Amino acid sequence: LMKMEAVLNCSSQHEKPCGLILQYGTAGFRTKAEHLDHVMYRMGLLAVLRSKKTKSVIGVMVTASHNPEEDNGVKLVDPMGEMLVQEWEVYATDLANAEQNELQAVLTDIIQKECISLQQEASVAIGRDTRPSSENLAHAVIDGVTALNSKYHDYGLVTTPQLHYIVCCCNTEGRYGTPTVEGYYNKLSSAFNNLVKQAHDQGDKKKCLSVDGANGIGALKLKEMEEYLQSAISVQLYNDGSRGKLNHLCGADYVKVQQKPPQGVEIKPGEPFCSFDGDADRIVYYYNDSVGLFHLLDGDKIATLISTFIKELLLKIDLTLKMAVVQTAYANGSSTRYLEEVMKVPVYCAKTGVKHLHHKAQEFDIGVYFEANGHGTVLISKTAEEQIRHLANMEQNDEKKKAANMLLSLIDLINQTVGDAISDMLVIEAILSLKGFTVQTWDAIYTDLPNRQLKVKVADRKVIETTDAERRTVKPPGLQEKIDDLVKNYNMSRSFVRPSGTEDVVRVYAEADTQENADRLAHEVSLAVF
Ligand code: 16G
Ligand code: ZN
């Protein structure tokens with residue numbers, strides 16, 4: 001423990017505001033950027049400990065995703081590119097909240113509980129988004145890492161999913177790809193180019209897509225990637241960060257919540273558009289129809305498109321692989337019904353938050369997971385991938401061989417570590433090309449049930465406890481019965497309430513046969529919450 005003195009000395013240059021309490025929540029730490037310097041330093045320390053414990057490279061991403069530009073945040077990335085395991089979230093919270101004189105005790109406690117050998121080497125991969133505060137905060141992370149005498153690699157400006165990809169590559173001896181941003185572009189673009197080559201109607205018609213980059217890192221990285229895409233797709237970039245403010249009146253969260261296009265963009269009828277969020281791990285699609293009506297294609301529509309396409313390929317290659325779709329309670333009832341009843345795909349519901357969906361999706365040969373807000377990806381088990389690869393190599397039947405190769409390219413195009421706006425966008429564009437779909441034909445697969453989301457401010461949101469993947473409440477007593485009674489008064493109706501994991505509010509969701517009824521039900525349920 002000789003190094004403790006250096007750790008503590010350096011810590012006093014990253015002073016914790018007295019009394020400030022934060023929690024490592026669903027999306028790591030998130031708050032106003034000016035309150036985060038000490039948190040970053042300490043997450044640098046924690047990343048080193050996690051790296052020693054797992055004997056792997058650990059990632060630290062500085063971002064506050066879709067939140068305002070003035071905010072910032074930090075997330076740790078585990079060895080396979082997943083979110084930090086839940087047991088360590090507690091350590092993160094304890095470290096962030098320790099006063100200067102308690103820091104040593106908290107660190108020693110983690111080292112002892114986890115039996116960490118300080119001699120073990122460590123390595124940390126650091127990335128950040130385009131927020132003005134991110135550069136200094138990333139330096140605070142580096143200070144933490146170097147205070148423990150550890151190695152690091154600063155990847156600078158990267159999207160969140162790029163850092164997850166890099167961490168996974170670092171820890172799998174290159175089997176997942178080359179651990180650089182160029183490696184990411186090469187892997188995805190060659191998979192994309194392979195896929196669209198096989199579309200019937202490519203000819204001279206180049207694909208056009210308008211992209212709202214939320215004035216963030218996604219815009220920057222998409223621009224870098226364009227030259228790799230062999231002009232198979234032409235991207236018109238809006239909100240590329242040259243003028244507007246990050247996430248301000250634009251981006252995936254704005255479009256999903258407001259149910260309208262980003263401000264200031266003109267959408268021609270039928271023109272396909274998509275929006276990234278501030279760290280490019282979410283995407284939603286939309287278009288205006290001929291009478292100017294706005295149509296949103298959210299995570300549920302994306303999950304349906306991707307799982308339908310995969311199911312069709314699986315039928316062609318005739319392998320018995322278990323595929324399932326994982327959603328949350330927010331998934332539109334129409335999407336669940338379509339998947340289960342028409343596509344005959346099993347659907348599971350997980351608690352809100354990527355780690356819960358990811359975890360559930362790992363149980364299947366092929367697990368497709370998406371949150372309605374546009375965060376999601378596909379997980380393919382190693383054995384499933386091997387079976388498909390074997391078939392692609394050995395199969396004599398041309399049709400089967402082609403389908404197996406298509407699946408392999410799809411697997412390469414998908415960022416399996418985490419939801420990825422750029423990767424998801426290319427997956428969607430490739431599928432649309434291969435199926436000869438426009439955004440309208442995709443949208444017509446099923447019709448969303450009208451729905452409404454509301455926030456309710458209550459004295460203490462923790463009085464609400466949920467069960468059944470947040471679809472029912474168990475506390476306070478009587479609330480669920482009230483909701484059940486209200487829901488009974490409407491057709492095709494469903495409603496649930498849950499305490500937010502990121503804001504001090506209770507969220508209410510309702511859907512029903514008409515918008516008026518969905519609005520009314522949401523309103524009635526929010527009154528029952530008080
Ligand atoms: C976080 C989650 C997101 C979830 C949202 C719910 C990650 C990376 N992000 O942003 O998936 O939809 O929280 O927020 O897990 P809420 O609890 O306030 O509704
Ligand atoms: Zn995000």
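## Methionine 4

Let's start at methionine 4, which belongs to helix α1, a stretch covering residues 4-11. This is a predicted model, and in it methionine 4 has 14 other C-beta atoms within 10 Å. A residue counts as buried with 20 or more such neighbours and as exposed with 12 or fewer, so methionine 4 is classed as partly exposed.

Sequence distance and spatial distance tell separate stories here. Leucine 107 is 103 residues away from methionine 4 along the chain, yet the C-alpha atoms of these two residues are separated by 9.2 Å.

## The chain as a whole

Stepping back, the chain contains 18 helices and 19 strands. Its C-alpha atoms fit in a box of roughly 65 × 60 × 45 Å along the principal axes.

How does the radius of gyration of the chain relate to that of a compact globule? For 530 residues, such a globule would have a value near 24 Å, and the chain has 23 Å, so the two agree. Of the 530 residues, 49% are buried. Contacts also reach across the sequence: among those between residues at least 6 apart, 71% join residues at least 24 apart.

## Around ligand 1

Now for the ligand. The surroundings of ligand 1 comprise 13 residues, and those that come nearest are Ala27, Val354, Ser500, Gly501 and Thr502. Sorted by class, this shell has eight polar, three charged and two nonpolar residues.

Where does ligand 1 lie with respect to domain 3 and domain 4? Both domain 3 (299-419) and domain 4 (451-529) contribute residues to the shell, so ligand 1 lies between them.

Note on methods
Residues are numbered from 1 along each chain as its sequence is written. Chains are lettered from A and ligands numbered from 1 in the order in which they are written. This is a predicted model: local features need pLDDT of at least 70, side-chain atom pairs count only at pLDDT 80 or more; totals for chains, interfaces and linings use all residues. A residue is near a molecule or strand if its C-beta atom, placed from the backbone, lies within 6 Å of it. Ala, Val, Leu, Ile, Met, Phe, Trp, Tyr, Cys and Pro count as nonpolar, Asp, Glu, Lys and Arg as charged, and the others, Gly among them, as polar. Domain bounds come from an automatic or database domain assignment. Helices (H or I, at least four residues) and strands (E, at least two) are DSSP runs, numbered from the N terminus. The radius of gyration is taken over C-alpha atoms; the globule rule is 2.2 Å times the number of residues to the power 0.38. Two residues are in contact if their C-beta atoms, placed from the backbone, lie within 7 Å.
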